[in-house]
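Open the model in your viewer and keep the sequence panel visible. The stops below say what to select next and what is there.

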Amino acid sequence: MKRFSKFYIGLILFLLFAPIAVMIFFSFNAGKSTAVFSGFSLKWYAELFSNSEILNALKNSLILAVASAAISTVLGTAAAFGIHHMKQKHFRQSLMTVTNIPIMNPEIITGISMMFMFVFVGGLLGLTTKLNFWTMLIAHITFCLPYVILNVLPKFKQMDKALPEAALDLGCTPMQSFFKVQLPAIMPGVITGMLMSFTLSFDDFVISYFTSGTDFQTLPILVYSMTKKSVKPTIYALSTIVFVLILVLLLITNREKSSAEALEAKKAKLEKKRKQAIAKANRSKKQKLSSSKVVNDTPQPSHKRSGYTGKIVALVCAVTLIVGLCVSIGFYTGETVTLNVYNWGEYISDGSDDSLDVNQAFEEYCRDTLGIKVKVNYVTYTSNEDMYAKLSAGAVSYDVIVPSDYMIARLADEKLLQELNFDNIPNYDECITDDFKGLYYDPENKFSVPYTYGMVGVIYDANRVEEEDVGDWDLMWNPKYSGQIVQFNNARDAFGTAFYKLGLDVNTTDTSAWDKGLAELKLQKPHLKKLVMDEVFNMMETGEAAIGAYYAGDYLTMVENQADNVDLQFYYPENTNLFVDAMCIPTCAQNKELAEAYINFMLSKEAATANAEYICYASPNSLVLENEEYIDYMGEEGMAVLYPENFDFAAKYNDNCYKDLDKSTKEYLNSKWEEFKTGMDDEQESFFEVSDWIIIAAISGSVVWLITAKIIKRCRMKKTLKAVRADKQ
C-alpha cells in the first residue's frame with residue numbers, strides 16, 4: 001500500500017511539473033519550435049529584456065498584484081479580527097457565507113458583473129472612460145479579500161485567548177495589544193494570505209480582461225492576445241523567470257515557517273521549565289518570592305523573529321509599489337498625448353526579430369515632424385466579438401481599431417464609427433488600389449482604410465498526403481486520412497468550409513442550407529482529430545496533424561517553424577473565404593486628428609512594409625507590392641501564396657466573404673454548432689436527457705447520503721454524551 005501511495009504521489013507530481021519542465025527546457029532553445037531542439041541559447045532571454053511591450057505588461061502585473069495583495073491583506077486581517085470577535089453566531093456564519101461568494105462564484109460571472117457595475121457607475125458620474133487601473137484594482141481586491149480572511153481567521157482561533165487579556169492587564173492599549181501580541185501570533189496566516197493574494201492577482205486573466213481599460217494591460221491579457229499565432233519563446237523565458245522567483249519565495253517562506261516552528265518549540269520548552277521552577281518553589285514554601293523570581297528571570301519569548309518576515313515582505317511590497325507607481329506616473333507626465341490603439345494580437349511590427357517598431361517610429365515621427373509628444377498605448381484583442389463587446393458597452397475609449405470587414409459593417413450600422421477626414425490621410429489615394437475601395441462593408445469609403453487582406457486555404461503535410469488527393473475541399477473529408485484532420489473551432493469558419501464544399505452561399509438566411517452544412521460537418525466529424533484555433537500552429541508544425549484549413553499568412557509562419565520530418569504545403573480551393581481587415585476610428589475616440597495621422601503613417605512605405613513582412617498577410621498597399629526589398633524578403637513561395645497569379649480579388653470578394661448575419665440566423669447557426677459539437681441529434685436527444693437524469697440522481701443521492709450520515713453521527717454523539725453524563729451522576 002505504501003508503494004502504491006508513493007507511486008501515486010510521484011505520478012501526480014510528474015503531471016504537475018512535467019509541462020513546466022518542458023517549457024523551461026525549450027526556453028533555452030535556439031529555434032522557435034517546441035518539437036525540435038536546435039541547440040542551447042539565451043537568445044529568448046535577451047529578446048525578452050529588449051521587448052518593451054512584454055516588460056511593460058510585466059510591470060503592470062507586478063504593480064497591480066502588489067497593490068491588491070497589500071490592500072487586501074490589511075482589509076482581510078481587519079475583517080478576520082472583527083469576525084473572530086463577533087458574539088452573534090448566526091450573524092458570523094452569514095458573514096462568512098457572503099465572504100465565500102467571490103471564491104465559489106465563477107470568475108467569468110464576477111468579471112462581467114463588475115464590468116457592468118463600473119460602466120453603470122461611470123455613466124452616472126459622467127466619465128468618458130469607465131474602465132482603468134483603479135477598476136482593475138478594486139476587482140482584484142474583491143476576489144483576493146476572501147483568501148486573506150480564510151488564512152488569517154484560523155490563526156485567531158489557534159491563538160491563546162489569554163494573550164490579549166494579559167497584554168491589557170499589563171497596561172497595553174487595545175492597539176498596542178493587537179500589534180505587539182496578536183499580530184505576531186497570526187503573522188504566518190497574514191503572510192500566507194498575502195502571498196496567495198499576490199499569486200492570484202498576478203495570474204488572473206478572466207476578471208482582469210473584463211475590468212481592464214485602455215491604459216493598463218497585464219501580462220496574462222498580453223499572452224492571451226498572442227494566441228492569434230503561436231506563443232513566442234520569449235514568453236517561455238518570462239514564465240521560467242517567474243516560476244523560479246516564486247519557487248525561491250516559497251522556499252524562503254518555508255524556511256521562515258520552520259524557524260517560527262522552532263521558536264514555538266523553544267517557547268514551549270521555556271514554559272515547561274517555568275512550571276517546574278514554580279512547582280519546586282511551592283515545595284520549598286517560598287511560593288510568592290520564588291514564583292516572582294522565576295517569572296522575572298525566565299527568558300521571555302521574543303516576537304521579533306516572528307514579525308521579521310512580515311516586516312521584510314511589507315517593506316519589499318511597499319518599495320515595489322512606490323517604484324512602480326512612480327515609473328507609471330513619470331511615464332505619463334508632461335504634455336504627452338496618449339493615442340489608444342486597439343488591434344489584433346501580433347498584428348503589427350513590434351521590433352522583435354530585428355523588425356521595425358512601428359509604434360515607436362510613429363512616436364518619433366510625431367516628435368520630429370509634428371512637434372508633439374505622443375505615447376501610443378497599444379492594446380490587443382483576440383476576436384472581433386471581444387472588441388465589439390468593449391466598444392458597444394461604452395466601457396473604454398479607443399482612438400484606432402482594426403476590425404474585420406463584417407464587423408465594420410455592423411459597427412457602422414450601429415453608429416459606432418466616425419467618418420474619416422481623408423484630407424488628413426493623403427496616403428490613402430496614393431497607396432490603396434481601387435480593388436480595395438467601395439467594398440460591401442464600406443461602399444462609400446467613409447469609415448475605413450484597408451490594413452491587410454487574405455484568404456483561407458488548406459495546409460497539408462506532403463510526406464503523408466498523396467498528391468492526387470489535394471486541390472479542393474474534399475481533402476478535409478477524405479476517410480483515407482482519418483484521425484489526421486483538424487477543423488476550425490468556431491461556427492462561422494467550420495460551416496464556411498462545408499458551405500464552400502457544397503457550393504452554398506455562406507451568408508444565406510435559409511435554415512435548410514445551414515441544416516445541409518451541419519449534415520456535411522457530421523460526415524466529417526468521425527475523421528477529425530480535433531477542433532482547433534491557435535493550436536493548429538503546433539499541431540501542423542510538429543506533424544501531429546496532417547491536414548487543416550487556415551489562413552494563408554499563418555501558413556508561412558508554420559513553414560518557417562516546421563519540424564525536419566514535416567513538409568507543409570498549401571493550396572486554395574476554388575471557393576474559399578476572403579477577408580479584409582481595416583483601420584477605423586470609433587465614435588468614442590478622444591484624438592481623432594491624431595488617429596488620422598496614425599492611419600496615414602501606417603500607409604507609409606516604411607511602416608506598411610514592416611507590418612507586411614512581420615505578420616505575413618497580404619497587403620493592399622501599392623507601395624508594399626512595388627517594394628523590391630519586400631518581394632525578396634517574402635521569396636517566390638511567399639509571394640505565390642499571398643498573391644496568387646491571375647486572381648481577381650475584387651471580383652470574387654463579395655461572393656466569398658463573410659457578412660454580418662441577422663440575429664435569428666446567428667441564433668440558428670449557434671444552435672446547429674452546439675448540436676455538432678455535442679454530437680446530439682433528434683434521435684439521441686431522449687437518451688441524452690435520460691443520462692442527464694441519471695447523473696442528477698446520482699449526485700443528489702450522494703448529497704442526501706452524506707447529510708444523513710452526518711445527522712446520524714451527530715445523534716450518536718449526543719446519545720453517547722448523555723450516557724457519559726448519566727454515569728458520572
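**Stop 1: Lys-180 and the whole chain**

Select Lys-180, which lies in helix 8; helices (H or I, at least four residues) and strands (E, at least two) are DSSP runs, numbered from the N terminus. This is a predicted model, in which local features need pLDDT of at least 70 and side-chain atom pairs count only at pLDDT 80 or more, while totals for chains, interfaces and linings use all residues. Residues are numbered from 1 along each chain as its sequence is written, and side-chain values use heavy atoms, with hydrogens and water left out.

Is Lys-180 buried or exposed? Its relative accessibility is 54%, so Lys-180 counts as exposed. Buried means under 20% relative accessible area, exposed over 50%, and partly exposed in between (1.4 Å probe, protein chains only). Now add Ala-167: its C-alpha atom is 8.8 Å from that of Lys-180, and the two are 13 residues apart along the chain.

Zoom out to the whole chain. It has 28 helices and nine strands. Of its 729 residues, 45% count as buried.

**Stop 2: helix 6 against helix 8**

Select residues 133-158 (helix 6) and 174-203 (helix 8); they pack at an angle of about 140°, with their axes 8 Å apart. That angle makes helix 6 oblique to helix 8. Axes are lines fitted to C-alpha atoms, for helices over the stretch in contact, and angles run from 0 to 180 degrees between N-to-C directions. Angles under 35 degrees count as roughly parallel, over 145 as roughly antiparallel, 65 to 115 as roughly perpendicular and the rest as oblique.

Show side chains where the two helices meet: Phe-143, Tyr-147 and Val-148 are among those in helix 6, and Ile-186, Val-190 and Met-196 among those in helix 8. Contact means heavy atoms within 4.5 Å. The residues of the contact of helix 6 with helix 8 comprise 12 nonpolar, eight polar and one charged. Ala, Val, Leu, Ile, Met, Phe, Trp, Tyr, Cys and Pro count as nonpolar, Asp, Glu, Lys and Arg as charged, and the others, Gly among them, as polar.

**Stop 3: helix 3 against helix 8**

Keep helix 8 and add helix 3 (residues 52-84): the pair packs at an angle of about 145°, with axes 8 Å apart. Residues in this contact include Leu-62, Ala-69 and Phe-81 of helix 3, and Phe-178, Phe-198 and Phe-202 of helix 8. The contact of helix 3 with helix 8 has 13 nonpolar residues, eight polar and no charged.

**Stop 4: the nonpolar cores**

Next select Phe-362, Ile-401, Leu-411, Leu-475, Ile-547 and Tyr-598, the residues with the most contacts inside the largest nonpolar core, which has 142 residues. Such a core is a set of buried Ala, Val, Leu, Ile, Met, Phe, Trp, Tyr and Cys residues joined through side-chain atoms within 4.5 Å. Strand 4 (residues 449-461) gives the largest share of this core, eight residues. Apart from the largest core lies another, of 16 residues, including Val-152, Phe-156, Leu-183 and Ile-191.

**Stop 5: two loops**

Go to Asn-445, in the loop between helix 17 (427-431) and strand 4. Asn-445 is not a glycine, yet has a positive phi of about 55°. Most residues other than glycine have a negative phi. At 23% relative accessibility, Asn-445 counts as partly exposed.

Finish at Cys-616, in the loop between helix 23 (605-615) and helix 24 (622-625). The phi of Cys-616 is also positive, near 60°. With 13% relative accessibility, Cys-616 counts as buried.
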